[in-house]
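Subject: Structure handover

Hello,

Here is the structure for your files. My notes on it come below.

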Amino acid sequence: MRLSVVPAIVVAMSARSSRRTSRTKKRTQETEIRYAKSSYLSEKRAISRTRYWHGGKTGLKVGTVLVSRAEAERSGADMTQYDLQNGYDANVTDPERVYFSSKREFARGYAGLIQTRDLDTGAVFRQGALYEVEPMGRIANDPDFDKGVSWCASRARIIAVEETNVNLDAYEISERLGPYMSWTDGSPIYKSGGRYLPSPEQIAFLGDVRAQALAMSFFPWTPVEFINAAAVGEPSGDRPNPRHFPDVAVGAVEAIQVMKEHRKRALALTRLGVTFSHDPRPHLVEINALLPLAGRTVLKDDDERGTIIAIHPRDGLIGTMVLTGVEVGGKCVMFIDAIAVTPEWRNRGIGSVMLLLAQQILPARVSFAAGHCEPKLAGFFSQAGYTVLRAGVKMILPFGDGPEIIDVGTEHSWFYRQGPV
């Protein structure tokens, strides 16, 4: 048997090469360790500098330790305040974690989702609170949001109470949460300006052209749950239902349906030559001749209230609406003082269009709108997106920690709307 002999110089070279490889590998490992340590320390410093907010149940105090849903359940705590932790679908979040955000407005959006309604009228008079928190334990990214906005830890301690009652309507909530929401394939649900983007399933089912046309029909930041409800013809849950609230006489039509009907009516009236204006001065005499049909309101020359008028090229003034805009608790509130349409032009959408145009003449977005009417007009205001209460029921003005109650007598019914139509 022959043995192959390796020259000594080759063996020596091989040994030196092996040592060099070993040293290189060691240096590489040391570099990786230094980099990992540096990254860890950098992340730790960044986390220590980051402020975190939590939108949660109102009434908590500085020093309160927020625990996870699972920990609360094990201790026998009231679980109602943890409902949001289930997400839009059951169990999409980790029940062993407490969630918070590095974006203040994102946390405010979640606080707005926590709502307390009046048990009789259905009016939302309190929402969640905004807290600044200090995470306790290791911080991890929330996998439901991939843009570094939502985080979680085993616990968190409240270090400041920022707002005790975050007052946001459904569209304002969507505006804060929507930029970080995505479909299951990772594509965004909204464009940067709030325009809805169809899901891959909707595009596959409807085709791209029809799906895009559907998306364009919604107002910016229309909540996904509104869109889903409209798609299957079910209520979104945003409007108080007479079956659940005893003081509600007629429930409001869904927001998306109201806007669809508004577009149809506005287009039909435009084709008939009807124009709308908010300058009452050239038509003051005609307005005051029409207003008695709606009550005792009279418009004066120096009246500071807002006015909408509808003009037809042949029939002249055919409708008017008078409103008062006030600021309550930092929010714009619109009170509808009177709305009147000539008998010949009723049931053709004049009143509905004026109601929708009215909020455009106020200096800020309308957070709450209300008025009172004869019970026989309940159907009209319901179709315009207002919840109508039973005659004689007092209205709650839902701002601040102690909501104001307004009485209008027993012959009229209050109607109200929270947020945009």
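The notes cover a sheet, a pocket beside some of its strands, and a separate buried strand. Please keep in mind that this is a predicted model.

**Sheet**

Eight strands form an open sheet with mixed pairing, in the order β10-β16-β19-β15-β14-β13-β12-β11. Its edges are β10 (248-250) and β11 (275-277), each of which pairs on one side only. From one strand to the next, the twist averages 30°.

Taking some of the pairs in turn:

- β12 (residues 306-312) runs antiparallel to β13 (residues 316-328), and seven bridges join the two. Within this pair, Ile308 is opposite Met321 of β13.
- β13 and β14 are also antiparallel, with ten bridges between them. Gly325 has Met334 in β14 as its bridge partner. The two strands form a hairpin with two residues between them, where Gly329 has a positive phi near 60°.
- β14 and β15 run parallel and are joined by five bridges. Here Val333 stands opposite Phe368 in β15.

Helix α10 (residues 350-358) packs on the sheet and touches β11, β12, β13 and β14 (331-341). The direction of α10 makes about 155° with that of β14. As for exposure, β14 is mostly covered, with ten of its eleven residues buried.

**Pocket**

The second largest pocket may be of use to you. Its volume is about 810 Å³. The lining consists of 30 residues, and those nearest the centre are Leu293, Ala294, Ile339, Leu377 and Phe381. By class, the lining residues are 14 nonpolar, nine polar and seven charged.

Which elements supply at least two residues each of this lining? They are β14, α10, β15 (366-373) and α11 (378-383). β14 gives the most, with six residues. Strand β14 thus appears in three places in these notes: in the sheet, against helix α10 and in the lining of the pocket.

**Strand β1**

Strand β1 (residues 52-56) has five of its five residues buried, so the rest of the structure largely encloses it. "Buried" here is under 20% relative accessible area. Both faces of β1 are covered: Tyr52, His54 and Gly56 lie on one side, Trp53 and Gly55 on the other, and all are buried.

β1 pairs with β6 (residues 129-136) in the antiparallel sense, over five bridges. One of the residues involved is Gly56, whose bridge partner in β6 is Ala129.

Regards

Notes:
Residues are numbered from 1 along each chain as its sequence is written. This is a predicted model: local features need pLDDT of at least 70, side-chain atom pairs count only at pLDDT 80 or more; totals for chains, interfaces and linings use all residues. Side-chain values use heavy atoms; hydrogens and water are left out. Two strands pair if DSSP finds at least two bridges between them. Helices (H or I, at least four residues) and strands (E, at least two) are DSSP runs, numbered from the N terminus. Axes are lines fitted to C-alpha atoms, for helices over the stretch in contact, and angles run from 0 to 180 degrees between N-to-C directions. Contact means heavy atoms within 4.5 Å. Buried means under 20% relative accessible area, exposed over 50%, partly exposed in between (1.4 Å probe, protein chains only). On a 1 Å grid over the protein atoms alone, a cavity is a set of points where a 1.4 Å probe fits but cannot get out, and a pocket is an open set with protein on both sides within 12 Å along at least five of seven lines; lining residues have an atom within 4 Å of a point. Grid points are joined across faces, edges and corners, and a volume is the space filled by probe spheres set on the points. Ala, Val, Leu, Ile, Met, Phe, Trp, Tyr, Cys and Pro count as nonpolar, Asp, Glu, Lys and Arg as charged, and the others, Gly among them, as polar.
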